[in-house]
Amino acid sequence: MRLSRLARTIAVAGSAIAALAVASPAHAQGTAVIRGTVVDSTNQREVPNAQVALVGTTLGAMSNAAGAFVITRVPAGSFTLRVQRIGYQPATATITVAAGDTAVVRVAMAPSAVQLSAVVSVGYGEESRRDVSAAVATVDNEEIQGATVAGVDAALQGKAAGVQIIQNAGNPGNGITVRIRGNASISASNQPLWVVDGIPLQRDSYSQLGIGGQDITGVTGLNPDEIESITVLKDAAAAAIYGSRGSNGVVMVTTKRGRAGTTAFTVNAYTGVQDVPKSTRWDMLNASEYIEYMNEAASNDGYGDEYFGDPNDPNLVNTDWQDEVMRSAQISDLSLGVSGGTELIQYYASGSYFDQDGVIIGSAYKRASGR
């Protein structure tokens with residue numbers, strides 16, 4: 001009895017499976033298949049990981065590495081195919097399919113320019129400006145471009161809060177003292193660590209050039225016109241990656257890079273004259289006035305009325321030594337740059353010549369650089 005019931009149950013189950021097997025081809029014959037490829041409208045390259053959906057249904061797919069996608073079990077009718085991907089503008093296509101058809105479609109997506117928020121260079125990469133919690137200050141190239149200064153450190157003066165820039169002497173090309181949040185050491189150097197395009201520089205120059213006891217620094221040779229941005233890392237959290245070298249703060253310099261597109265030429269040139277205003281000079285005595293002054297002092301000490309000579313002597317010579325050592329000095333700068341490239345290769349080449357004569361005769365600074 002039990003065996004006969006078991007046999008009837010198996011027979012019923014077999015009938016149900018057979019019914020499903022028969023019904024499945026019938027369902028597939030009542031639907032359609034959509035095959036397609038998603039490409040970039042600019043260069044006709046395949047766009048992977050694009051979301052493809054039939055508007056008004058729950059059907060959809062994702063394009064593979066070759067930009068291809070397949071949507072099955074599509075009912076007969078007309079549909080709007082919508083394709084989306086980050087970095088591209090959404091694209092749509094109208095498709096009409098009949099039962100049992102296989103439709104083939106090619107969807108072109110146009111790139112979309114996305115406006116990014118300010119990006120800040122930090123020791124371990126780049127972050128969005130609003131995500132940075134450490135103490136940093138950023139100076140863009142618009143703020144330093146065109147400054148009539150010899151070095152990047154001088155161009156940074158007055159541009160970043162908490163950064164003190166001091167010019168110790170007035171001779172051309174003189175090294176600048178940079179202090180980030182004051183002095184941190186009594187006997188060791190207080191200069192920050194300079195990092196140019198990720199490469200730390202030595203704090204001071206190895207050259208033996210020194211004028212008036214003021215040596216040039218390791219970044220004096222950088223051309224300010226080649227700077228894209230400057231980021232100052234002011235606290236231990238921001239400069240931790242550099243260890244003890246960043247104890248006085250870190251100044252990260254990012255130079256300009258080539259960009260894909262048409263070739264672009266840039267020219268920056270200026271020339272001018274430096275002078276010491278008359279109002280800042282000492283009002284000197286002439287020879288006659290000087291002798292009168294000295295004779296009066298000598299007379300008060302009991303040495304006679306004309307101890308230093310006759311103030312009315314016609315052979316007296318008047319020499320203002322300020323006029324003898326100071327001059328009107330020329331300063332000029334010329335920078336040329338060219339950039340461009342493709343999506344695979346970008347280039348940037350530049351050259352500059354900086355020439356500054358000092359207002360004191362015998363002082364000058366010239367710099368020729370190429371990159």
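The protein has five helices and 22 strands, and the model described here is a predicted one. Of its 371 residues, 34% count as buried. Among the contacts with a separation of 6 or more, 60% are accounted for by residues 24 or more positions apart in the sequence. The protein exposes about 22300 Å², and carbon and sulfur atoms supply 54% of this area.

A useful place to start is strand S2, which covers residues 51-54. One face of this strand is covered and carries Val52 and Leu54, whereas Gln51 and Ala53 lie on the uncovered face. The division follows a general pattern: in a regular strand the side chains alternate between the two faces of the sheet.

Strand S2 has two partners. With strand S3 (residues 60-62), S2 runs antiparallel and is joined by three bridges. Within this pairing, Val52 stands opposite Ala61 of S3. S2 and S3 form a hairpin, with five residues between the two strands. In the turn of that hairpin, Gly56 has a positive phi of about 90°. The other partner is strand S5 (residues 77-84), which is joined to S2 by four bridges and also runs antiparallel to S2. Here Leu54 of the covered face stands opposite Leu81 in S5.

Further along the chain, four strands form an open sheet in the order S19-S20-S21-S22, with antiparallel pairing. Its edges are strand S19 (261-274) and strand S22 (364-370), each of which pairs on one side only. From one strand to the next, the twist averages 5°. Inside this order, strand S20 (residues 329-341) and strand S21 (residues 346-357) pair in the antiparallel sense over 11 bridges. One of the facing pairs is Gly341 and Gln346, the latter in S21.

The helical part of the model offers another point of reference. Pro314 lies in the loop between helix H4 (287-300) and helix H5 (321-325). Is Pro314 buried or exposed? With a relative accessible area of 73%, Pro314 is exposed, because residues count as exposed when this value is over 50%. Pro314 and Ser288 are 26 residues apart in sequence, and their C-alpha atoms are 9.4 Å apart in space.

Aromatic side chains complete the picture. A search of the whole structure finds three aromatic pairs. In one of them, Tyr303 and Tyr307 have ring centres 5.3 Å apart and an angle of 50° between the planes, and the pair is tilted. Tyr307 also pairs with Phe308: their ring centres are 5.2 Å apart and their planes stand at 80°, so this pair is edge-to-face. The assignment rests on the angle, because planes over 60 degrees apart count as edge-to-face. Tyr303, Tyr307 and Phe308 together form one aromatic cluster.

How accessible are the two residues of the edge-to-face pair? Tyr307 has a relative accessibility of 49% and therefore counts as partly exposed. Phe308, with a relative accessible area of 43%, is partly exposed as well. Both assignments follow because the partly exposed class lies between the limits of under 20% for buried and over 50% for exposed.

Note on methods
Residues are numbered from 1 along each chain as its sequence is written. This is a predicted model: local features need pLDDT of at least 70, side-chain atom pairs count only at pLDDT 80 or more; totals for chains, interfaces and linings use all residues. Side-chain values use heavy atoms; hydrogens and water are left out. Two strands pair if DSSP finds at least two bridges between them. Axes are lines fitted to C-alpha atoms, for helices over the stretch in contact, and angles run from 0 to 180 degrees between N-to-C directions. Buried means under 20% relative accessible area, exposed over 50%, partly exposed in between (1.4 Å probe, protein chains only). Contact means heavy atoms within 4.5 Å. Accessible areas come from the Shrake-Rupley method with a 1.4 Å probe; for residues, only the protein chains shown count as cover. Rings of Phe, Tyr and Trp (its six-membered ring) pair if their centres lie within 6.5 Å; planes under 30 degrees apart count as stacked, over 60 as edge-to-face and the rest as tilted.
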